[in-house]
Amino acid sequence: MPRDYFQDVYDVVRQVPPGRVTTYGAIARYLSLRAGARMVGWAMNSSHGLDVPAHRVVNRVGVLSGKHFFGHPTAMQERLEAEDIQVADDRVVDFDRLFWDPATELTV
DNA sequence: TGAATGACGCTGG
DNA sequence: CCCAGCGCCATTC
């Protein structure tokens, strides 16, 4: 059973400030995951029930690619809107401005 | 052991 | 940004 980078990914996601979003690739690069961004998303799949704001993690263009895994298709969007993040057409509005890069904001 | 899969990313058109 | 294709690699069957 995996456990290694899963906790690392969760730890980074928890540090994402409310109202901000990050990407799978950014997390992968910050943790130097050779596995790539795919495994970051896969790790989030195991974050169900945990205190992990997976809704703040989107793909490189700000698309809510994982909304389908939130039980209800609109659950992820509503969570983002609850943090004043505007979502239109399953995409984060002003994603470029709301993007939170751990490698930059967290200053390795 | 190997093929198929995927909450992705990059490049090229 | 849209579309198509290739690369990435842990996990699963």
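**Entry 1: the strand and its atoms**

I began with DNA strand B in this predicted model. Of the strand atoms within 4 Å of the protein, I find that 44% belong to sugar or phosphate, and the rest belong to bases.

I then looked up which residues surround the strand. There are 16 residues around DNA strand B, and I note Arg38, Gly41, Arg60, Gly66 and Phe70 as the closest. By class, the residues of this surface divide into 7 nonpolar, 7 polar and 2 charged.

**Entry 2: helices at the strand**

Which helices each supply at least two residues of the surface near DNA strand B? I find α2 (24–30) and α3 (37–45). The helix that gives the most to this surface is α3, with 6 residues.

**Entry 3: polar atoms at the strand**

I looked up individual atom pairs next. A polar side-chain atom of Tyr24 is placed 3.2 Å from a base nitrogen of DNA strand B. For Met44, a polar backbone atom lies 3.1 Å from a base nitrogen of the strand. Ser65 has a polar side-chain atom 3.1 Å from a phosphate oxygen of DNA strand B. I therefore record Tyr24 and Ser65 as polar contacts of the strand, as the cut-off for such a pair of N or O atoms is 3.5 Å.

**Entry 4: nonpolar cores**

I turned to the interior. The largest nonpolar core holds 15 residues, and Val9, Val13, Ile27, Val40, Met44 and Val57 touch the most other members. To this core α1, α2 and α3 each supply at least two residues. I note that α1 gives the most, with 5 residues.

I followed Val40 in particular. Leaving out residues up to four places away in sequence, I find that Val40 touches Val9, Tyr24, Ile27, Ala28 and Leu33. I also recorded a second, separate core of 10 residues, with Val58, Leu80, Val87 and Phe95 among them.

Met44 appears twice in my notes: as a member of the largest core, and with a backbone atom at a base nitrogen of DNA strand B.

**Entry 5: Pro17**

Where is Pro17 placed? I find Pro17 in the loop between α1 (4–14) and β1 (22–23). Is Pro17 buried, partly exposed or exposed? Pro17 counts as partly exposed because its relative accessibility is 26%, which falls between the limits of 20% and 50%.

Residues up to four places away in sequence aside, Pro17 touches Arg56 and Trp100. I also looked up Glu81, which is 64 residues from Pro17 in sequence and 14 Å from Pro17 in space, C-alpha to C-alpha.

Technical notes. Residues are numbered from 1 along each chain as its sequence is written. Chains are lettered from A and ligands numbered from 1 in the order in which they are written. This is a predicted model: local features need pLDDT of at least 70, side-chain atom pairs count only at pLDDT 80 or more; totals for chains, interfaces and linings use all residues. Side-chain values use heavy atoms; hydrogens and water are left out. Helices (H or I, at least four residues) and strands (E, at least two) are DSSP runs, numbered from the N terminus. Buried means under 20% relative accessible area, exposed over 50%, partly exposed in between (1.4 Å probe, protein chains only). Contact means heavy atoms within 4.5 Å. A residue is near a molecule or strand if one of its heavy atoms lies within 4 Å of it. A polar contact is a pair of N or O atoms within 3.5 Å; within protein, one must be able to donate a hydrogen and the other to accept it, and residues adjacent in sequence count only if both atoms are side-chain atoms. Ala, Val, Leu, Ile, Met, Phe, Trp, Tyr, Cys and Pro count as nonpolar, Asp, Glu, Lys and Arg as charged, and the others, Gly among them, as polar. A nonpolar core is a set of buried Ala, Val, Leu, Ile, Met, Phe, Trp, Tyr and Cys residues joined through side-chain atoms within 4.5 Å.
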